Amino acid sequence: MKGFMLICCLICPILLGFYITEKEGKSDTDAVFNEQFTKDYDATIEQTRIFIEQMHKAESKEALQTALLELRKSYKKIEFLLDYYEPEFVYLYINGGPLPKLHKEDAAIDIIDPNGLQYLDELIYSDESFEAILKETSREIHIIKMHLTRGRQAFSNENMTLKKTIEAMRSAMVRMFTLGLSGFDTPGSANGIYESSSVFQSLDTYLNLINNIHPKKTKEIKAIQDAVYCADDFLKDANYSLEELDYMSFLKSYINPLYKSLADLQTDLGYKLENFRTHAQNYDSENLFDEDFINTNHFAEFTHKDLDNPLSIKLGRYLFYDPALSKNLNMSCASCHDPSKAFSDGQPKSFTNTAGQYTKRNAPGLIDAAYSSRYFWDLRSADLEKQVAHVLDDKLEFNI
């Protein structure tokens, strides 16, 4: 059934219905979240300027390391919101892993060299000479500042609402535990605990904003804030050492309870829990290890739903075997995607609609194809709809 469900997405995505994201109306009270975010965003840009100023005066790696810590602590106050709204922006340009990157949405963009704050963290704590570090740091920090400045207007115009802010706060718990406290986010300094403290400070600020809007929920909000303070103290008790941190106790006593209590607050305030388009996180989940914590459909390259619609699956199965889709009525999808061969054809080159002629390549298998980000062996198609169009138009295949 799973195979047919994915095949259905390949053959007739238009039959699955348009994905409609519910839009939230923006109230006057929601504006306070945008104002706070803009304030913190501007503070991060200013801290970038300060870093550049201190960099020019620096005479040692230690001076650069101190300046970077302050910059990253400032950035951590806004990262959970940046990452909620535009994770690609964060990953590609601001704080993604210090590795070469590919832009998933634009194949025309060349490979992006290691960059961002994680790259600086690894660089400034490396064994390279101070002169080499200083030169590369100067180049990179100006690029980061440029991206932050360019992104400022776009983010200041975001429709930031109370509901989305709470969801972003829940995502902050996930990012903190999986990337921050794992050391992934600070590959050189291992300053994850210092930075997590900044995240907790920011969460406290936004909880105060929510309390101002909903004073009747002061008791519930105060309980969450107390949990935030205790979580911060727990981290500090580890002497700022990731090696001394009791991860399991922190997860069970603080991360998971905060993750759930924020969801309960959202529901209690009358805001529906639902998945957000840019995240695989299932906001109905109650902790980081729920079986359904990850919404796997998020990774599928299609723009329609409902994947579990029995009628759509039945129609997709029917069309998959129907030669009426081809001009000469002699080919179906199953002609080259044989279910007994993992939905491939087992040929060096695939058959065409003309006897004795072959395509340039063989047919790839279709198992879990909906979770790919590129299609065909040469990766020329970026989504399933265009992939289907290639087959329908090809004179050697369906030729409609």
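Helix H5 (residues 116-124) is a good place to start, because eight of its nine residues are buried and the helix is therefore largely enclosed by the rest of the structure. Buried here means under 20% relative accessible area, exposed means over 50%, and partly exposed lies in between, with a 1.4 Å probe and protein chains only. The model is a predicted one, in which local features need pLDDT of at least 70 and side-chain atom pairs count only at pLDDT 80 or more, while totals for chains, interfaces and linings use all residues. Residues are numbered from 1 along each chain as its sequence is written, and side-chain values use heavy atoms, with hydrogens and water left out.

In H5, the buried residues are Gly116, Leu117, Gln118, Tyr119, Leu120, Asp121, Leu123 and Ile124. Their cover includes helix H2 (31-57), H3, helix H4 (87-94) and helix H6 (130-156).

Stepping back, the protein chain has 12 helices and zero strands. Helices (H or I, at least four residues) and strands (E, at least two) are DSSP runs, numbered from the N terminus. Of the 400 residues in the chain, 48% are buried. Among contacts with a separation of 6 or more, 64% join residues 24 or more positions apart; contact means heavy atoms within 4.5 Å.

H2 offers an example of two residues distant in sequence. Arginine 49 is found in this helix and counts as partly exposed, at 35% relative accessibility. Its C-alpha lies 9.0 Å from that of histidine 142, although 93 residues separate the two in sequence.

Now follow H3 (residues 61-85) to H7, where the two axes come within 9 Å and cross at roughly 110°. The axes are lines fitted to C-alpha atoms, for helices over the stretch in contact, and angles run from 0 to 180 degrees between N-to-C directions. H3 and H7 are therefore roughly perpendicular to each other, a label for 65 to 115 degrees; under 35 counts as roughly parallel, over 145 as roughly antiparallel and the rest as oblique. From H3, the contact includes Phe80 and Tyr84, and from H7 it includes Glu167 and Ala172. By class, this contact has seven nonpolar, two polar and six charged residues. Ala, Val, Leu, Ile, Met, Phe, Trp, Tyr, Cys and Pro count as nonpolar, Asp, Glu, Lys and Arg as charged, and the others, Gly among them, as polar.

Glutamate 167 deserves a closer look: its place is in H7 (residues 162-180), and it is buried, with a relative accessible area of 0%. Leaving aside neighbours within four places in sequence, glutamate 167 is in contact with Tyr84, Gln266, Lys272, Glu274 and Tyr283.

H3 and H7 also help to line the largest cavity, together with helix H8 (192-213), each giving two or more residues. This cavity has a volume of about 100 Å³, and its lining includes Lys76, Phe80, Arg175 and Glu195. On a 1 Å grid over the protein atoms alone, a cavity is a set of points where a 1.4 Å probe fits but cannot get out, and a pocket is an open set with protein on both sides within 12 Å along at least five of seven lines; lining residues have an atom within 4 Å of a point. Grid points are joined across faces, edges and corners, and a volume is the space filled by probe spheres set on the points.

Finally, the second largest pocket has a volume of about 810 Å³. Of its 37 lining residues, His337, Phe376, Gln387, Val391 and Glu397 lie nearest its centre. H12 gives the most to this lining, with four residues.
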